[in-house]
Amino acid sequence: MENRHVIEERYWRRVVRLTGVLLAVWLLASLVGPWFARDLEDLRFADFPLSFWVASQGALLLYLAIIVVYALVMERLDSRYLRERQDTGASADE
């Protein structure tokens, strides 16, 4: 059986890694999209420049996807963490 401290440390490493990856995706979406917006001006979709669609719809959909991924992965991590804690015999309130 693993030590409770080892289980908690592994859990927090996973949480921090997930948060870091999703923040990096958010940062790239927030900086790269606007940075290359002028390059997309010549491309048109539904009589609007493609940069308009990327800024108004694409970024919002990506932000929503980040939230959904975070919620799903954290749900899985939390349930795994609680199951490991129960397997070691430690209560969840300790």
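R4, E8 and R85 are linked in a network of salt bridges, and this network belongs to a predicted model in which four salt bridges are found in total. The briefing below starts from those charged pairs, moves on to the enclosed and open spaces, and ends with a nonpolar patch on the surface.

**The network of R4, E8 and R85**

- Within the network, E8 pairs with R4 in a salt bridge whose closest N and O atoms are 3.5 Å apart, and because these two residues stand four positions apart in helix α1, about one helical turn separates them.
- E8 also takes part in a salt bridge with R85, where the closest N and O atoms are 3.4 Å apart; this pair links distant parts of the chain, since R85 belongs to helix α2 and E8 to helix α1, with their positions 77 residues apart.
- The relative accessible area of E8 is 21%, so this residue counts as partly exposed, the range for that class beginning where buried, defined as under 20%, ends.
- R4 is likewise partly exposed, with a relative accessible area of 31%, whereas R85 has a relative accessibility of 1% and therefore counts as buried.

**The pair of E84 and R10**

- A salt bridge also joins the side chains of E84 and R10, with an N to O distance of 3.1 Å.
- Because E84 lies in helix α2 and R10 in helix α1, this pair ties together parts of the chain that are 74 residues apart in sequence.
- R10 has a relative accessible area of 17% and is therefore buried, given that the cut-off for this class is under 20%.

**The cavity**

- The structure holds one cavity of 30 Å³ or more, and the volume of the largest cavity is about 30 Å³.
- Its lining is made up of R10, Y11, R14, L77, R80, Y81 and E84, to which α1 and α2 are the elements that give two or more residues.
- Helix α2 gives the most to this lining, with four residues.
- By class, the residues around the largest cavity divide into three nonpolar, no polar and four charged; R10 and E84, which meet in a salt bridge, are both among the lining residues.

**The largest pocket**

- The largest pocket has a volume of about 150 Å³, and the residues that line this pocket are A29, S30, G33, P34, A37, S51, V54, A55, G58, A59, L62 and Y63.
- Helix α1, which spans 4-35, and helix α2, which spans 50-88, each supply at least two residues of the lining, and the greatest contribution comes from α2, with seven residues.
- The lining of the largest pocket comprises eight nonpolar, four polar and no charged residues, while the lining of the largest cavity includes four charged residues and no polar ones.

**The nonpolar surface patch**

- On the surface, a nonpolar patch is formed by L23, W26, L27, L28, L31, V32, W35 and F36, which together have about 880 Å² of accessible area.
- One of these residues, W26, has its place in helix α1 and is partly exposed, with a relative accessible area of 41%.
- The value of 41% for W26 is consistent with membership of the patch, because patch residues need over 30% relative accessible area.

Notes
Residues are numbered from 1 along each chain as its sequence is written. This is a predicted model: local features need pLDDT of at least 70, side-chain atom pairs count only at pLDDT 80 or more; totals for chains, interfaces and linings use all residues. Side-chain values use heavy atoms; hydrogens and water are left out. On a 1 Å grid over the protein atoms alone, a cavity is a set of points where a 1.4 Å probe fits but cannot get out, and a pocket is an open set with protein on both sides within 12 Å along at least five of seven lines; lining residues have an atom within 4 Å of a point. Grid points are joined across faces, edges and corners, and a volume is the space filled by probe spheres set on the points. Ala, Val, Leu, Ile, Met, Phe, Trp, Tyr, Cys and Pro count as nonpolar, Asp, Glu, Lys and Arg as charged, and the others, Gly among them, as polar. Patches are made of residues with over 30% relative accessible area and no salt bridge: like charges are joined within 9 Å, nonpolar side chains (Val, Leu, Ile, Met, Phe, Trp, Tyr) within 5 Å. Accessible areas come from the Shrake-Rupley method with a 1.4 Å probe; for residues, only the protein chains shown count as cover. Buried means under 20% relative accessible area, exposed over 50%, partly exposed in between (1.4 Å probe, protein chains only).
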